[in-house]
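Biologist: I should like to learn how to read the contacts in a structure of this kind. Please take the features one at a time.

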There are 2 protein chains.
Amino acid sequence: MEAFTVDEIPLVKPGDDIAAMICERAGLEDGDVLVIASTIIAKAENELFSLEDITPSARAIGIGKRDDKDPRLVQAVLDRCSECFVESPVMLVQSDRAHVCINAGVDDSNVENDLLADLPQDADASARSIGERVEEITGCRVAVVVTDTNGRAFRLGQTGVAIGLYHATPIYYWRGKKDLFGYEMQISEEAVADEVAAAANLLMGEGSGGNPVVVVRGIPLFTEEKTSARQLYRPDNMDLIKKALRIFKES
Amino acid sequence: MEAFTVDEIPLVKPGDDIAAMICERAGLEDGDVLVIASTIIAKAENELFSLEDITPSARAIGIGKRDDKDPRLVQAVLDRCSECFVESPVMLVQSDRAHVCINAGVDDSNVENDLLADLPQDADASARSIGERVEEITGCRVAVVVTDTNGRAFRLGQTGVAIGLYHATPIYYWRGKKDLFGYEMQISEEAVADEVAAAANLLMGEGSGGNPVVVVRGIPLFTEEKTSARQLYRPDNMDLIKKALRIFKES
Ligand SMILES: Nc1nc2c(ncn2[C@@H]2O[C@H](COP(=O)(O)OP(=O)(O)O)[C@@H](O)[C@H]2O)c(=O)[nH]1
Ligand SMILES: Nc1nc2c(ncn2[C@@H]2O[C@H](COP(=O)(O)OP(=O)(O)O)[C@@H](O)[C@H]2O)c(=O)[nH]1
Ligand SMILES: [Mn+2]
Ligand SMILES: [Mn+2]
Ligand SMILES: [Mn+2]
Ligand SMILES: [Mn+2]
């Protein structure tokens, strides 16, 4: 397996054609996995906003005071989530657009002026439109994985995760396959799309590297099937940790 | 970045010299990251056990009945954890030896006969002894990451994570570094060791592939510092999700 950055991507602006930017700079091959940071998709899709346009509610002002946070940012997060599991010291929420994450995925780093970047409205759709455009330009059929950087339970630090997929396998099911000694394997579901997102995030970094696009080559992530990052999200009614956080909040 | 398996590793047996096995089969270079599945370390260190030697307690029998699980396996998990956060439908526990995980990391796949594999007693120490031995044999200074496959909150499927480190950076701190537009970055801690573990796990797989060792080359994970996988574990008193699970359990 090999992973490399697509170099010299400029600062992305609303309306930019990310697929064309990539194809001009990378020699793509059939079966490549194109991993793209959600931040540049948000920029291209003009999912940017300014705190100056936000009026915080009393609740946002309260949370902001307690946690020493800009109440307008708090309001922006509240506006973008269907449920807030943890309010303090960080806001862990179910974002409206994608996954469970801190601050509803709103990002203030690597965005110009005083703008903030939202998550893409529908990162699967973004992945699809980039993947289709790549095929149109190059004739290559690639898998696309849109990523964000996200924290985890029980462990410190953040890792890259998948929030949008196009022709990319989300989970590989080992159940029923044989192990080394011929025994049938039990529940074993490898979240391969997240593993690819994590691998690519090593090359992207979080800072001024300017590396929002990574090509991963040599792993069979491409699939003919229609896939979605939602296949990686634990259904609400099967999520014991969400349940526990709800009860904790009431207590 | 490049990642490749070390091929033709035999079935590992108690007492085997894993470092020698690897050095005979891979052309290692300074700065390489050697990623090793904990299962083969457990085998080499003879951390294997049989259910036949376990007598389940009343509690284990109760959990086993409810969840249709072998009560001896339940007992093995209870014996290996300091705290059980979730009992059913899966046992999510604080393992005595390493991380928060399902079944205290006890594994029945890829182990011969009816044996089960424990986590290594001290995976940092295992990583160190392999790393030192590699240096002795080849003269190369490598980073070592011992991995296990682990589930996550809010998301489906499992990914590779780091549970033992030697000369490998656990977390890269972006805080204080500049972003693309020259602004100082806020809290941003990239769990690079886990990202490397995830990348390597793509090549290991969970089944009969026989690929317990992966070399990752071309990323600056090697560090002169003494590091530990414990640096990746969220301290108990800072862990809101553990707190919520404790209250949920009592409710
Ligand atoms: N070339 C270029 N790189 C960008 C741009 N925006 C972000 N990046 C880079 O993309 C990578 C990931 O950025 P990050 O803010 O962590 O994105 P996120 O993980 O999607 O929230 C970093 O290397 C940034 O420097 C851009 O407009 N142009
Ligand atoms: N060659 C070889 N491969 C092994 C051995 N034990 C496990 N593996 C392989 O190591 C990889 C990871 O195995 P897994 O059971 O998922 O390990 P874990 O993630 O540490 O629990 C798979 O490709 C297995 O086939 C062994 O003794 N010899
Ligand atoms: Mn982000
Ligand atoms: Mn990021
Ligand atoms: Mn395991
Ligand atoms: Mn595994």
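Modeller: Let us begin with helix packing. Axes are lines fitted to C-alpha atoms, for helices over the stretch in contact, and the angle is taken between N-to-C directions. Please note that this is a predicted model.

Biologist: At what angle do helix α7 of chain A and helix α7 of chain B pack?

Modeller: The angle is about 80 degrees, and the axes of the two helices, residues 240–250 in each chain, lie 8 Å apart. Angles of 65 to 115 degrees count as roughly perpendicular, so α7(A) is roughly perpendicular to α7(B). The residues of this contact comprise 12 nonpolar, no polar and two charged. Among those that meet are Leu240(A), Ile241(A) and Phe248(A) in α7(A), and Leu240(B), Ile241(B) and Phe248(B) in α7(B).

Biologist: How many residues of chain A are in contact with chain B?

Modeller: The size of an interface is often given as the accessible area lost when the parts come together. Here 72 residues of chain A contact 72 residues of chain B. The area buried between the chains is about 6300 Å², with 66% from carbon and sulfur atoms. Phe154(A), Arg155(A) and Leu156(A) supply 14% of what chain A buries against chain B, more than any other three residues.

Biologist: Which residues coordinate the manganese ion (ligand 3)?

Modeller: Asp107(A) and Asp148(A) do so through OD atoms, at 2.1 Å. Asp107(A) lies in the loop between β6 and β7, and Asp148(A) in strand β8, 41 residues apart. Buried means under 20% relative accessible area, so Asp148(A), at 8%, is buried, whereas Asp107(A), at 23%, is partly exposed. The manganese ion (ligand 4) is 5.1 Å from the manganese ion (ligand 3).

Notes: Residues are numbered from 1 along each chain as its sequence is written. Chains are lettered from A and ligands numbered from 1 in the order in which they are written. This is a predicted model: local features need pLDDT of at least 70, side-chain atom pairs count only at pLDDT 80 or more; totals for chains, interfaces and linings use all residues. Side-chain values use heavy atoms; hydrogens and water are left out. Axes are lines fitted to C-alpha atoms, for helices over the stretch in contact, and angles run from 0 to 180 degrees between N-to-C directions. Helices (H or I, at least four residues) and strands (E, at least two) are DSSP runs, numbered from the N terminus. Angles under 35 degrees count as roughly parallel, over 145 as roughly antiparallel, 65 to 115 as roughly perpendicular and the rest as oblique. Contact means heavy atoms within 4.5 Å. Ala, Val, Leu, Ile, Met, Phe, Trp, Tyr, Cys and Pro count as nonpolar, Asp, Glu, Lys and Arg as charged, and the others, Gly among them, as polar. Donors are N, O and S atoms within 2.8 Å of the metal (3.2 Å for Na, K and Ca); water is not among the atoms, so sites may look incomplete. Buried means under 20% relative accessible area, exposed over 50%, partly exposed in between (1.4 Å probe, protein chains only). Buried area is the accessible area (1.4 Å probe) that two parts lose on being put together, summed over both.
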